[in-house]
Amino acid sequence: MPETQSQKIRDIQDFGEEGGVVPVIDVASTSTFLDPLDMEKTFHGELEGCYLYSRHSNPTVNAFGRKFAALEGTESALGVASGMSAIAATIEQLVPQGGHIVSSRTIYGGTYAFFKNVLPRRGVTVTFVDPNDLNAIEAAVTPQTKVLFTESLSNPLLRFSDLKALGEIKKRKGIKLVVDNTFTPLIASPASYGADVVIHSCTKYISGASDMIAGVIASSHEFIHQLIDVNQGVVMLTGPVMDARIAHELYLRLDHLPIRMNAHSAAASFLAQKMEQADIPVIYPGLASHPEHALMTRLMNPDFGYGGMLTVDCKTSKAAMELASKLQHAKFGLYAVSLGFSRTLMSCPSVSTSSEIPEAEQKAMSLSPGLLRLSIGYTGDHETQWKRFLACYQK
Ligand code: PLP
């Protein structure tokens, strides 16, 4: 049996300076060179392994990167300041002026707005396509296309991308595949299907406590080196780096990510099944009724379930907000954006995290105005949570 991601994360063990079972936090922003010539060589890229300045690299951020790379099965990983900075830096590094991106149209609203409104100012254009229409994806690739972008499990529609087919398309077309794996850490391993760069908003499941903003870029040694190059590196030169204190927190939390993901999946799966039995219009990738259930089952890692995200279509945003209000009052969950928290978080994407997407486009991608997105937490017990949900739904 191949080793699970859980084992691979566990096997990355750094020690404190006196043998402590956890590494120390190296908070220094700059490091001493015993030989001044070594500083010069480091700047010229002729010497590796020396710490220069923490916007370039930092021992604690690197330790987090090594552990994260083990999780994603990539050679390397770089912690950055947020999920958006992970996306922006990756795209800026890979796509020159005049370049083109083919992107899934069902993506987080912030990413959509960045692609649609900010990238054209930099001379980069984006074509949005249905992530499950492989012919449309292939047809959208032009000689200027540099990147194919998707979310493994999309926000908020929970469509699962055919990572294997996308890996084949990107190879055939000679372009890079960039995958946002924020909704499915451990569950999906896009790099194993050929993704060149895997990004996460660590603000979500990786943190798990809704107490920080952070991101990560997992890729080859070569690409991570490019990002921190002193002359050309977008992370080095625009500066959205991860603070060592955040990297240390996340490093420790990665060890219990497998337990947390299993707990999220178990709670969400329980609720989704109960909802479906009660004829509530629920979408959850673990249900056989989900359009990509079979695809996801084939491509995912088997040990962590189908994740913690589900949606319920309430038809109108008013009805969604009314239900969410009742649920919040009944202590089922909290009406707040974001996801991956220990408690359930609820939001109505059409008027919040997807509101950047124009109404006509929301309609075209079948994003119902009344979709209620739930990030199911693992606190409490499944039966009580279900009883609370049903009572509010029937009220
Ligand atoms: N990617 C996805 C799928 C998200 O849901 C989000 C935020 O909601 C982001 C990226 C952006 O992450 P951050 O808020 O950490 O910048």
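Q: In which loop of this predicted model does S210 lie?
A: The model is predicted. Phi of S210 is near 50°, a positive value in a residue other than glycine. S210 lies in the loop between β6 (197-201) and β7 (215-219).

Q: Is S210 buried, partly exposed or exposed?
A: The relative accessible area of S210 is 38%. Buried needs under 20% and exposed needs over 50%. S210 is therefore partly exposed.

Q: What is the relative accessible area of D279?
A: D279 is found in the loop between α11 (257-277) and β8. Its phi is near 60°, a positive value in a residue other than glycine. D279 is exposed, with a relative accessible area of 70%.

Q: Which residue of the ligand surroundings has a polar side-chain atom 2.6 Å from a nitrogen atom of the ligand?
A: The residues around the ligand include Y108, E151, N155, D180 and K204. A nitrogen atom of the ligand lies 2.6 Å from a polar side-chain atom of one residue. That residue is D180.

Q: How much of the ligand does the protein bury?
A: An oxygen atom of the ligand is 2.9 Å from a polar backbone atom of G83. An oxygen atom of the ligand is also 2.6 Å from an N or O atom in the side chain of T203. Taken alone, the ligand exposes 390 Å². Of that area, the protein buries 91%.

Q: How many residues of the shell around the ligand are polar?
A: S82, G83, M84 and A214 are among the residues around the ligand. By class, the shell has three nonpolar and three charged residues. Its polar residues number six.

Q: Why is strand β4 largely enclosed by the rest of the structure?
A: Strand β4 covers residues 145-151. A residue counts as buried at under 20% relative accessible area. β4 is largely enclosed because its buried residues number six of the seven.

Q: Which residue of β4 stands opposite I101?
A: Strand β2 (residues 100-104) pairs with β4 in the parallel sense. Four bridges make up this pairing. Opposite I101 in β4 stands V147.

Q: Which residue of β5 stands opposite F149?
A: β4 and strand β5 (residues 176-180) run parallel. They are joined by five bridges. Opposite F149 in β5 stands V178.

Q: What is the handedness of the β-α-β unit that β4 and β5 make with helix α7?
A: Helix α7 covers residues 163-173. Together with β4 and β5, this helix makes a β-α-β unit. The unit is right-handed.

Q: Is the peptide bond from N155 to P156 cis or trans?
A: P156 lies in the loop between β4 and α7. N155 is one of the residues around the ligand. Omega of the bond from N155 to P156 is near 5°, and the bond is cis.

Q: Which residues of β12 point the other way from L371, R373 and S375?
A: Strand β12 (residues 371-375) is mostly covered, with five of its five residues buried. In a regular strand the side chains alternate between the two faces of the sheet. L371, R373 and S375 point one way, and the other way point L372 and L374.

Q: What is the bridge partner of S347 in β12?
A: Strand β9 (residues 309-313) pairs with β12 in the antiparallel sense over five bridges. There, L310 stands opposite L374. Strand β11 (residues 345-347) also runs antiparallel to β12, joined by three bridges. The partner of S347 in β12 is R373.

Q: Which strands stand at the edges of the open sheet of five strands?
A: The sheet has the order β8-β9-β12-β11-β10, with mixed pairing. Two bridges join β10 to β11, which run parallel. An edge strand has a single partner, so one side of it is left without a neighbour in the sheet. The edge strands are β8 (282-283) and β10 (334-335).

Q: How far apart in space are the C-alpha atoms of V124 and Q97?
A: V124 lies in the loop between α5 (109-118) and β3 (125-129). At 3% relative accessibility, V124 counts as buried. V124 and Q97 are 27 residues apart in sequence. Their C-alpha separation is 5.7 Å.

Conventions: Residues are numbered from 1 along each chain as its sequence is written. This is a predicted model: local features need pLDDT of at least 70, side-chain atom pairs count only at pLDDT 80 or more; totals for chains, interfaces and linings use all residues. Side-chain values use heavy atoms; hydrogens and water are left out. A residue is near a molecule or strand if one of its heavy atoms lies within 4 Å of it. A polar contact is a pair of N or O atoms within 3.5 Å; within protein, one must be able to donate a hydrogen and the other to accept it, and residues adjacent in sequence count only if both atoms are side-chain atoms. Accessible areas come from the Shrake-Rupley method with a 1.4 Å probe; for residues, only the protein chains shown count as cover. Ala, Val, Leu, Ile, Met, Phe, Trp, Tyr, Cys and Pro count as nonpolar, Asp, Glu, Lys and Arg as charged, and the others, Gly among them, as polar. Buried means under 20% relative accessible area, exposed over 50%, partly exposed in between (1.4 Å probe, protein chains only). Two strands pair if DSSP finds at least two bridges between them. A crossover is right-handed if, with the strands pointing away from the viewer, the path from the first strand over the helix to the second runs clockwise.
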